[in-house]
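Notebook open, structure loaded. I want to look at one histidine first, then the core, then the pocket.

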Amino acid sequence: MRLALTVARRAGNLDEIPVGAVVLGPDGSLLGSGHNERVAARDPTAHAEVLALRRAGASLGSWNLAGCILAVTLEPCTMCAGAIVNARITRLVFGAWDPKAGAVGSLWDVVRDRRLNHRPAVLGGVLAADSAALLDAFFAGRRSPR
């Protein structure tokens with residue numbers, strides 16, 4: 001999670017919402033990372049999780065990320081939760097809860113829906129205060145006169 005926080009800080013420095021994600025392989029190696037790039041890429045799907053999953057898949061040469069861990073600083077949204085399920089991530093670890101758009105327990109619980117063919121193990125709230133502080137500072141800066 002500390003590595004995901006480092007990646008999230010890069011997003012904030014680029015005026016993107018500071019969310020960071022990393023995919024670790026079964027051996028603990030870093031396979032892919034990403035931070036939000038929606039503004040720079042002009043792409044509504046350029047969320048940290050999606051980018052980290054894409055890069056991990058490219059690194060492995062496969063869409064199937066079974067055995068991998070995804071750590072992300074904010075509870076995934078519905079789009080990202082669906083991508084996590086489809087990538088076959090084994091374990092999802094996230095920081096801050098997202099009461100407005102979270103899909104891993106806050107508003108929905110996509111990744112643990114028994115109707116789906118894959119359900120990763122989930123650990124939420126890891127370094128939540130650190131993750132939330134990054135987001136709070138970013139949005140406070142957006143609301144303040146510049």
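Does H118 count as buried or exposed? I'm working from a predicted model here. I looked up the relative accessibility and got 15% for H118. The cut-off for buried is under 20%, so H118 counts as buried.

Next I checked where H118 sits. H118 is in the loop between β4 and β5, the latter being residues 121-124. Its side chain comes to 2.6 Å from the backbone oxygen of I89. Skipping neighbours within four places in sequence, I listed the contacts of H118 as V85, R88, I89, T90 and V111.

I89 turned up again when I pulled the largest nonpolar core. That core has 25 residues, and I89 is among those touching the most other members, along with V23, L53, L65, L70, I84 and L92. The elements giving two or more residues to this core are β1 (20-24), α3 (48-60), β3 (69-74), α4 (78-87) and β4 (91-96). I also noted a second, separate core of 6 residues, with A4, V7, V22 and A71 included.

I then picked L70 for a closer look. Leaving out neighbours within four places in sequence, L70 contacts A21, V22, V23, E49, A52, I84, I89, R91, L92 and V93.

Last entry: the largest pocket. Its volume came out at about 550 Å³. I got 22 lining residues, with I17, L74, D98, L135 and F139 nearest the centre. By type the lining splits into 13 nonpolar, 2 polar and 7 charged. Helix α5, residues 128-143, gives the most to this lining, with 5 residues.

Methods:
Residues numbered from 1 in each chain as written. Predicted model: local features only at pLDDT ≥ 70, side-chain atom pairs only at ≥ 80, totals over all residues. Heavy atoms only, no water. Core = buried A, V, L, I, M, F, W, Y, C linked by side-chain atoms within 4.5 Å. Buried < 20%, exposed > 50% of the residue type's maximum accessible area, 1.4 Å probe, protein only. Helix = DSSP H or I, 4+ residues; strand = E, 2+ residues; numbered from the N terminus. Contact = heavy atoms within 4.5 Å. Polar contact = N/O pair within 3.5 Å; in protein donor to acceptor, adjacent residues only side chain to side chain. 1 Å grid on protein atoms, 1.4 Å probe; cavity = no way out; pocket = protein on both sides within 12 Å on 5 of 7 lines; lining within 4 Å. Points joined across faces, edges and corners; volume = space filled by probe spheres on them. Nonpolar A, V, L, I, M, F, W, Y, C, P; charged D, E, K, R; others polar.
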